[in-house]
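Work through these exercises with the structure open beside you. Try each task before reading its solution.

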Amino acid sequence: MKPFTYERAGSPAEAAAAVARQPNAKFIAGGTNLLDLMKLEIEAPQHLVDVNHLGLDKIDATPEGGVRIGALVRNTDLASDERIRRDYGVLSRAIVAGASGQLRNKATTAGNLLQRTRCPYFYDTNQACNKRRPGSGCAAIGGYSRQLAVIGVSDACIATYPGDMAVAMRVLDASVEMINAAGAVRTIPIAGFHRLPGTTPHIENALAPGEMITAVTLPKPVGGQHFYHKVRDRASYAYALVSVAAIIQHDGSGHVAIGGIAPRPWRVETAEASMLQGSKAVAAQLLAGAKPTHDNAFKVPLVERTLGAVMAEARTA
Ligand SMILES: Cc1cc2nc3c(=O)[nH]c(=O)nc-3n(C[C@H](O)[C@H](O)[C@H](O)COP(=O)(O)OP(=O)(O)OC[C@H]3O[C@@H](n4cnc5c(N)ncnc54)[C@H](O)[C@@H]3O)c2cc1C
Ligand code: SF4
């Protein structure tokens, strides 16, 4: 690990200012992703700004009838919160499908949203990787790509967004709140938060340099049955090959987002108009334009089958 300096910020605006002031500074929350990347020297921040003691660890009701989840709420606390379990079950289920109990005790809402890809070539510093070293190429294209994305990809990068929590937040129409060094706060829909790779796969989200996430807001509950089905190589402690986050109403209508197949949680709102026609119709629209490789073509039918299983469970529940 490369040497770095460390400070504890006194407020969110101070934290944002501290990161904005130095070219190679980063926030640290639970550290479960960042410290691994630092040990492997995939990331080498010269300065860390600790955001753990800023009072951002609360879940509050909003005047609109939703909830505001502080950026530092631990994954375990979020998944077990009574309101989340009752009104946003898809979120609770997605979180407990991820990582392990120990990791979830440390991992935070903001850190989870910002976790980096698990593309094996990103982790191997001997390999070309446009995300790790812009302009160096992409060893995954033409390499072994079983885990990688089938849609939303570019000629520069075919990595997936690996997380579970954000897939549920996407189906819940969450918003991400951020603060910059000047103390200005802005909120954007999660739909626009994670970026597709295009020609700049190293730019993964809508945060400006130094901007810090302060909260994630969920709109008022929409009812329905909530599902998170995760298909993976092991029954626990493994990333999704395909995951389906769904909220299905009694009349069969609903919302669906897919994980494990794209550089961001994948949702196509127009596809949801076909819910009453069945999983084949929805999956066809969700995956229109997919560009699977030889190794990961199995993900295309797997999306349809997993969505079909969720819809069948909704009918019988
Ligand atoms: C073995 C293992 C298995 C895992 N399995 C899964 C899994 O199955 N599913 C899954 O979803 N996840 C999985 N994870 C990932 C895990 O969920 C993340 O490591 C965790 O959520 C990151 O949260 P953190 O608070 O520790 O983030 P950190 O490591 O502290 O930070 C991550 C990134 O976010 C930035 N950051 C943190 N807070 C803020 C903020 N407030 N504003 C702006 N930037 C910020 C940091 O600078 C850093 O770039 C796994 C991790 C491990 C190690
Ligand atoms: S797919 Fe993306 S993360 Fe993986 S090697 Fe290519 S550029 Fe890097």
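**Exercise 1.** Classify R186 as buried, partly exposed or exposed, then find its salt-bridge partner.

*Solution.* The model is predicted, so every value here is computed from it.
- Step 1: R186 has 33% relative accessibility. Partly exposed covers the range between 20% and 50%. R186 therefore counts as partly exposed.
- Step 2: The partner is E211, and the N to O distance of this salt bridge is 2.7 Å.
- Step 3: Place the pair. R186 sits in strand β7, and E211 sits in the loop between β7 and β8. They are 25 residues apart and link distant parts of the chain.
- Step 4: Check E211. Its relative accessibility is 6%, so E211 counts as buried.

**Exercise 2.** Find the salt-bridge partner of K280, and say which helices the pair links.

*Solution.*
- Step 1: K280 pairs with E304, with 4.0 Å between the closest N and O atoms.
- Step 2: K280 belongs to helix α9, while E304 belongs to helix α10 (residues 299-316). The separation along the chain is 24 residues.
- Step 3: K280 has a relative accessible area of 61%, so it is exposed.

**Exercise 3.** Describe the salt bridge of R116 and the network around it.

*Solution.*
- Step 1: How many salt bridges does the structure hold? The count is 17.
- Step 2: In one of them, R116 meets E204, and the closest N and O atoms are 2.9 Å apart.
- Step 3: R116 lies in the loop between α7 and α8 (165-171). E204 lies in the loop between β7 (185-189) and β8. These two residues are 88 apart along the chain.
- Step 4: Both R116 and E204 are buried.
- Step 5: Widen the view. A network of salt bridges links R116 and E204 with K26, E43 and K131.

**Exercise 4.** Describe the surroundings of ligand 1, from the shell down to single atoms.

*Solution.*
- Step 1: The shell has 29 residues. F27, G31, T32, T108 and D164 are the closest.
- Step 2: Sort the shell by class. There are 13 nonpolar, eleven polar and five charged residues.
- Step 3: Ask which elements contribute. At least two shell residues come from each of β2 (25-28), α2 (34-39), α7 (109-113) and β8 (212-218). The largest share is that of α7, with three residues.
- Step 4: Go to the atoms. An oxygen atom of ligand 1 lies 2.7 Å from a polar side-chain atom of T32. A polar backbone atom of N33 is 2.9 Å from an oxygen atom of ligand 1. In the side chain of Y239, an N or O atom is 2.9 Å from a nitrogen atom of the ligand.
- Step 5: Judge the cover. Ligand 1 taken alone exposes 980 Å², and the protein buries 93% of that.

**Exercise 5.** Is I261 buried or exposed? And is F4 buried, partly exposed or exposed?

*Solution.*
- Step 1: I261 is in the loop between β11 (254-259) and α9 (279-286). Its relative accessibility is 0%, so I261 counts as buried.
- Step 2: Look for a residue far along the chain. G152 is 109 residues from I261, yet their C-alpha atoms are separated by 8.6 Å.
- Step 3: Turn to F4, in the segment before β1 (5-8). Its relative accessibility is 31%, so F4 counts as partly exposed.
- Step 4: F4 joins M1 and Y6 in a nonpolar surface patch. Together they have about 290 Å² of accessible area.

**Exercise 6.** Say how far E82 lies from Y6, and which residues of α5 are buried.

*Solution.*
- Step 1: E82 lies in helix α4 (residues 82-87). With a relative accessible area of 62%, E82 is exposed.
- Step 2: The C-alpha atoms of E82 and Y6 are 36 Å apart, with their positions 76 residues apart along the chain.
- Step 3: Move to helix α5 (residues 89-96), which is mostly covered. Six of its eight residues are buried. They are G89, V90, L91, S92, A94 and I95.

Conventions: Residues numbered from 1 in each chain as written. Chains lettered and ligands numbered in written order. Predicted model: local features only at pLDDT ≥ 70, side-chain atom pairs only at ≥ 80, totals over all residues. Heavy atoms only, no water. Near = heavy atom within 4 Å. Polar contact = N/O pair within 3.5 Å; in protein donor to acceptor, adjacent residues only side chain to side chain. Areas by Shrake-Rupley, 256 points an atom, 1.4 Å probe, with all protein chains shown as cover. Helix = DSSP H or I, 4+ residues; strand = E, 2+ residues; numbered from the N terminus. Nonpolar A, V, L, I, M, F, W, Y, C, P; charged D, E, K, R; others polar. Patch = residues over 30% accessible without salt bridge, like charges linked within 9 Å, V, L, I, M, F, W, Y side chains within 5 Å. Salt bridge = Lys/Arg side-chain N within 4 Å of Asp/Glu carboxyl O. Buried < 20%, exposed > 50% of the residue type's maximum accessible area, 1.4 Å probe, protein only.
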